[in-house]
Amino acid sequence: MRRACVALLLLAALALAPAGAGAQSDPLGPLPQPAPEPLPAPAPVDEPGDDGGMETWQELLIYGAAAAMLGGIAWWVVRDARHRAPVDEHGPAEPGSGRRSPEDRRKAKQRARQANKQARKARRRNR
């Protein structure tokens with residue numbers, strides 16, 4: 001059945017093919033010359049002031065829309081970044097950042113008070 005369908009398709013393709021497309025009468029003979037191309041039509045004459053481009057107001061409208069779009073995208077990115085990653089004023093200290101955590105500040109303050117008390121006591125003793 002499959003072979004019969006393929007044979008019918010090949011027979012139909014050969015029947016519909018043009019007569020000269022199969023083979024040349026003389027394979028070593030000269031090639032047929034292509035038909036001459038028609039001459040191009042003359043270009044229409046434009047007015048001297050018409051360049052065919054956009055008007056100035058159209059260009060300004062396009063540039064304004066592009067600037068507004070870029071500004072909106074920048075605003076959205078900054079807003080989203082601040083919303084997604086809030087930074088605490090006294091956030092956790094990162095190693096090597098030079099910032100201390102609130103607990104470290106409190107401990108340092110207590111040590112400084114202790115040192116000041118001891119220095120006052122030493123000054124009183126040495127009078």
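A nonpolar patch of about 420 Å² lies on the surface of the predicted model. Four residues make this patch: Met69, Leu70, Ile73 and Val77. Of these residues, isoleucine 73 is found in helix α2, which covers residues 56-84. Isoleucine 73 has a relative accessibility of 45% and therefore counts as partly exposed, since that class lies between the limits of under 20% for buried and over 50% for exposed residues.

Helix α2 consists of 29 residues. The distance from its first C-alpha to its last is 42 Å, close to the 42 Å expected at 1.5 Å a residue. The helix is hardly covered, and the count of buried residues among its 29 residues is 0.

Helix α1 comprises 15 residues, from 2 to 16. At 1.5 Å a residue, a span of 21 Å should result, and the end C-alpha atoms of α1 are 22 Å apart, so the two values agree. Helix α1 is likewise hardly covered, with a count of 0 buried residues among its 15 residues.

The secondary structure of the protein chain amounts to 3 helices and 0 strands. The order along the sequence is α-α-α. Buried residues account for 2% of the 127 residues in the chain. The area exposed by the protein chain is about 13,000 Å², of which 60% is supplied by carbon and sulfur atoms.

Contacts that involve aromatic rings were also examined. A search of the whole structure yields 1 aromatic pair. In addition, arginine 79 places its charged end over the ring of tryptophan 76. The distance from this charged end to the centre of the tryptophan 76 ring is 4.8 Å, which lies within the 6 Å cut-off applied to a charge over a ring.

Terms used:
Residues numbered from 1 in each chain as written. Predicted model: local features only at pLDDT ≥ 70, side-chain atom pairs only at ≥ 80, totals over all residues. Heavy atoms only, no water. Phe/Tyr/Trp six-rings, centres within 6.5 Å; stacked < 30°, edge-to-face > 60°. Lys NZ or Arg CZ within 6 Å of the ring centre and 35° of its normal. Patch = residues over 30% accessible without salt bridge, like charges linked within 9 Å, V, L, I, M, F, W, Y side chains within 5 Å. Areas by Shrake-Rupley, 256 points an atom, 1.4 Å probe, with all protein chains shown as cover. Salt bridge = Lys/Arg side-chain N within 4 Å of Asp/Glu carboxyl O. Helix = DSSP H or I, 4+ residues; strand = E, 2+ residues; numbered from the N terminus. Buried < 20%, exposed > 50% of the residue type's maximum accessible area, 1.4 Å probe, protein only. Expected span 1.5 Å × (residues − 1).
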